[in-house]
Amino acid sequence: MRVRPRRDAIIQRLRLEQPRKVKSYRHNVAVHWGDTDPARIVFYPNYFEWFDQSCRLLFDSVGLDWDSLGKKYGVTGVPIVEAKAKFLAPSRFRDEIVVESHISKWNDKTFEVSHVVMNRGIRAVEGYEIRVWAHRHPEDPNRLKAMPIPPEIRAAFE
């Protein structure tokens, strides 16, 4: 004899299967003459600068600015240990692009920030950064040491 699952069990299962909403940050960037190469296309390192700015603004948007992180948690910074970008469509002088960023993965001592750049509704660039939660090394203040990310930091982005 087959037993039918109860209605509330089905609803609970559907809730668990729903994709988790993630906090993201979106801002506009005006492409200036100095951001472009001789063909007036954005010079690719500028995207990494905009990704870096967007990560800082993402943290600011949840009340975790870099200065307060240092004071409250002793973190020296969140340096990048890996970065990658995929260029899908050009952005040019005088375009206004939109950079959208969110934390796509948390590990014990690192996190991944994913970025998408849109230009006139077209996905122009996809990229990510992997960052380390870093403190000054206790034995050598000229070095950094990866430390566990406090749970309340992760919770701020959920």
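Which residues are linked with Asp-52 in a network of salt bridges? I looked this up in what is a predicted model, and found that the network joins Asp-52, Glu-129 and Arg-131.

**Entry 1: the network and its partners**

I took the pair of Asp-52 and Arg-131 and noted that their closest N and O atoms are 2.5 Å apart, in a salt bridge. Because Asp-52 belongs to helix α2 and Arg-131 to strand β5 (residues 122-132), this pair ties together parts that are 79 residues apart in sequence. I then checked accessibility on both sides: Asp-52 is partly exposed at a relative accessible area of 36%, whereas Arg-131 has 3% and is buried.

**Entry 2: other salt bridges**

I counted 6 salt bridges in the structure. One of them joins the side chains of Arg-26 and Glu-100, at 2.6 Å from N to O. Arg-26 sits in strand β1 and Glu-100 in strand β3 (residues 96-106), so here the parts tied together are 74 residues apart in sequence. Arg-26 comes out as exposed, with 54% relative accessibility, and Glu-100 as partly exposed, with a relative accessible area of 27%.

I also looked up Arg-120, which forms a salt bridge with Asp-95, their closest N and O atoms lying 2.6 Å apart. Both residues are in loops, Arg-120 between β4 (110-119) and β5 and Asp-95 between β2 (80-87) and β3, so the pair ties together parts that are 25 residues apart in sequence. Arg-120 counts as exposed at 69% relative accessibility, while Asp-95 counts as buried at 6%.

**Entry 3: Asp-35**

What does the side chain of Asp-35 reach? I had first noted that Asp-35 is buried yet has no salt bridge, the nearest side chain of opposite charge being Arg-94, 11 Å away. A salt bridge needs a nitrogen within 4 Å of a carboxyl oxygen, and I therefore searched for another polar partner: the side chain of Asp-35 reaches the backbone nitrogen of His-32 at 2.8 Å. Asp-35 is placed in the loop between β1 (24-30) and α2 (45-61). Leaving aside residues up to four places away in sequence, I listed the residues that Asp-35 touches as Ala-30, Ile-41, Val-42, Phe-43, Asn-46 and Trp-50.

**Entry 4: helix α2**

I compared the span of α2 with expectation: with 17 residues, α2 reaches 25 Å from its first C-alpha to its last, close to the 24 Å expected at 1.5 Å a residue. The buried residues of α2 include Asn-46, Trp-50, Ser-54, Leu-58 and Phe-59. Just after α2, I noted that Gly-63 takes a positive phi of about 80 degrees.

**Entry 5: aromatic pairs**

I found a count of 12 aromatic pairs. In one of these, the ring centres of Phe-59 and Trp-66 are 5.0 Å apart and their planes stand at 45 degrees, so I entered the pair as tilted. Phe-59 is buried, with a relative accessible area of 0%, and Trp-66 counts as partly exposed at 30% relative accessibility.

Phe-59 also pairs with Phe-111, again a tilted arrangement, with 5.6 Å centre to centre and 45 degrees between the planes. Since Phe-59 lies in helix α2 and Phe-111 in strand β4, that pair ties together parts that are 52 residues apart in sequence. Both Phe-59 and Phe-111 are buried.

Last, I traced a cluster in which ring pairs link Phe-43, Tyr-44, Tyr-47, Trp-50 and Phe-87. Two of its members, Phe-43 and Trp-50, are residues that Asp-35 touches.

Methods: Residues numbered from 1 in each chain as written. Predicted model: local features only at pLDDT ≥ 70, side-chain atom pairs only at ≥ 80, totals over all residues. Heavy atoms only, no water. Helix = DSSP H or I, 4+ residues; strand = E, 2+ residues; numbered from the N terminus. Buried < 20%, exposed > 50% of the residue type's maximum accessible area, 1.4 Å probe, protein only. Lys, Arg positive; Asp, Glu negative; His and termini not counted. Polar contact = N/O pair within 3.5 Å; in protein donor to acceptor, adjacent residues only side chain to side chain. Contact = heavy atoms within 4.5 Å. Expected span 1.5 Å × (residues − 1). Phe/Tyr/Trp six-rings, centres within 6.5 Å; stacked < 30°, edge-to-face > 60°.
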